[in-house]
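Welcome! Here are some exercises to work through with the structure open beside you. Try each task yourself before you read its solution.

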Amino acid sequence: MKQNENNGMMQARVPVAHPMIVMASMMIGAFVGMFSETSLNIALPQLMNHLNVAAGTIQWLVTGYMLVIGIVLPFSSLISKWFTTRQIIIFGLLAFIVGAVVSALSTAFPMLLVGRMIQGIATGLILPMMFTVAMQVFPPYKLGAAMGMCALVIMFAPAIGPTLTGLILAKLSWNWIFWAFVPFLVIALLFAIFGLKNVGELTKPKVDVLSLLESIIGFSGIVMGVSFASEQGWASPLVLGSLIVGIIVLALYVKRQLALAEPVLNLKIFAIPAFRTGAVLVMLDFGIILSAMYLLPMYIQRGLLLPVALTGIIMLPGGIINALVSAVAGRLYDKVGAKTPVRLGLIIALVGAVMLIFTTTTHTSIAYLIAAHVILMVGAPLAMSPAQTYALNSLQGAQSGDGSTIMNTMQQIVGAIATALATSLLGIGQAVYQNHHGSGHLSAAFTNGTHYGFYFTIALIVVGLLASLRITTAKDAEK
């Protein structure tokens, strides 16, 4: 019996000669996908000028991308039961290449947005498959290292994205951000064609078309309503209509998922208190990070009037700290549980966000800005991983996969909504300043707008701190 257990630990579920070659295509694709999610923030001011659009329009390049990922992610498990691993990854990489080329060749905003949304489809397919395949091709005794490597790929991309984008924009046009993706994606495609093995079983279950439509319409309606508010105003019929439709359809979607024997998303696990608390904290933390990473590059360029290359350099220390803290924060859960690192992380993040409120147009030093960003990027990831582990540890068996899918999906949706709300508050802050001081102080007005946006970041942190009071001990979480 003991010998059989040892053999089980030594063998992968799907034995392959070279697991890293199998994983290479997905790791490269996931890296480019996460790089694309955050790197474009630094180029938004330049894109606003080049495409002659306002902040409320340009933010769709961020929210639209995350919205598509959030729509595709819930169906990743269903898709993997209808198509082979090779088919999914090869299609995803081809879609990413097409999206990158369309974006690079864009001469107008609608074409660029279409390219970005095609890329979102690819990321939504590749990201969950990377973790699924890793679980299959690595033996249990190597699985921890393999999953850590997958997580590092995801964390490292946002850390270096703004800096690399800044260096590209210092010498080349914004189009080259997308052209730079293509060689890496082609390499990933070659790995997929020649090295990727199929994992999983094709059962081809029944597709609940109504759930699919409700998911798309519900999430899209809410994100679109919030996004349109930055230009149309919150009282606009378009905004109110989108929000009402989104909320009603999403409520019907939730009701249907709770009633189905095999739901697309098993929302019943929200009845588990520890999962509910941990998931809410993860959503809030992701909103904190996304709103700050959206506002800060724009403030540096349009408030401080610093060049784009310097913007990337200013963002680099915080990005690296984010990756490093993320890499070690998960281990804290094993030692002290979730309560201490989550609360401490949110308090540290609050200090960094408050520091950003005191930035000014001309007198804020680069050192102060870097310090505020670094403090924020210590706190937010310090809370993230323990909260996620706390949530998932409360689940059993197949529930773990459901919980992971729900949190990955909601992170993208919440990230899109947080970016849209930050944009709306940015515009309100600018308008308030110009009403009092006239329209000639553009950089000062933009700085005031970013302050309004950071008030939203602070509000998310405060709500997170209140939610963290519901964290119990690790033993309670596992009941």
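## Exercise 1: Three residues, three settings

Task: Decide whether Tyr 452 is buried, partly exposed or exposed, and then find its surroundings.

Solution. Step 1: the relative accessible area of Tyr 452 is 24%, so this residue is partly exposed; the cut-offs to use are under 20% for buried and over 50% for exposed. Keep in mind that this is a predicted model.

Step 2: place the residue. Tyr 452 belongs to helix α19, which covers residues 442-468.

Step 3: look for partners beyond four places in sequence. Tyr 452 touches Leu 425, Ile 428, Gly 429 and Val 432.

Step 4: try a distance. From Tyr 452 to Pro 341 the sequence separation is 111 residues, and their C-alpha atoms are 28 Å apart.

Task: Do the same for Phe 275: is it buried or exposed?

Solution. Step 1: with 0% relative accessibility, Phe 275 counts as buried. Step 2: this residue sits in helix α14. Step 3: setting aside neighbours within four places in sequence, the contacts of Phe 275 are Ile 269, Phe 270, Ala 391, Ser 394, Leu 395, Gly 403, Ile 406 and Met 407. Step 4: Arg 86 lies 189 residues away along the chain, with 33 Å between the C-alpha atoms of Phe 275 and Arg 86.

Task: Which backbone atom does the side chain of Ser 236 reach?

Solution. Step 1: find Ser 236 in the loop between α12 (209-232) and α13 (237-259). Step 2: its relative accessibility is 10%, so Ser 236 counts as buried. Step 3: the side chain of Ser 236 reaches the backbone nitrogen of Leu 238, at 3.2 Å.

## Exercise 2: The two sides of a helix

Task: Sort residues of helix α3 (residues 44-51) into buried and exposed, and explain the pattern.

Solution. Step 1: the buried residues are Leu 44, Pro 45, Leu 47, Met 48 and Leu 51. Step 2: viewed down the axis of α3, these buried residues fall within an arc of 165°, so they line one face of the helix. Step 3: recall the geometry. An α-helix has 3.6 residues a turn, so residues three or four places apart point the same way.

Step 4: turn to the face of α3 away from the buried side, where Asn 49 and His 50 are exposed. Step 5: see what comes next. Asn 52 follows α3 and has a positive phi, near 60°.

## Exercise 3: Empty space inside

Task: How many cavities of 30 Å³ or more does a search of the whole structure find, and what lines the largest cavity?

Solution. Step 1: the search finds two such cavities. Step 2: the largest cavity holds about 50 Å³ of space. Step 3: its lining includes Pro 158, Met 293, Gly 318 and His 373. Step 4: α15 gives the most to this lining, with four residues. Step 5: sorted by class, the lining of the largest cavity has six nonpolar, four polar and no charged residues.

Task: Which helix supplies the largest share of the lining of the second largest cavity?

Solution. Step 1: the volume of the second largest cavity is about 40 Å³. Step 2: α14, α16 and α17 each supply at least two residues of its lining. Step 3: the largest share, four residues, comes from α14. Step 4: by class, the lining of the second largest cavity has eight nonpolar, one polar and one charged residues. Asp 285 is among the residues that line the second largest cavity.

Technical notes
Residues numbered from 1 in each chain as written. Predicted model: local features only at pLDDT ≥ 70, side-chain atom pairs only at ≥ 80, totals over all residues. Heavy atoms only, no water. Buried < 20%, exposed > 50% of the residue type's maximum accessible area, 1.4 Å probe, protein only. Contact = heavy atoms within 4.5 Å. Polar contact = N/O pair within 3.5 Å; in protein donor to acceptor, adjacent residues only side chain to side chain. Arc of directions from axis to C-beta. 1 Å grid on protein atoms, 1.4 Å probe; cavity = no way out; pocket = protein on both sides within 12 Å on 5 of 7 lines; lining within 4 Å. Points joined across faces, edges and corners; volume = space filled by probe spheres on them. Nonpolar A, V, L, I, M, F, W, Y, C, P; charged D, E, K, R; others polar.
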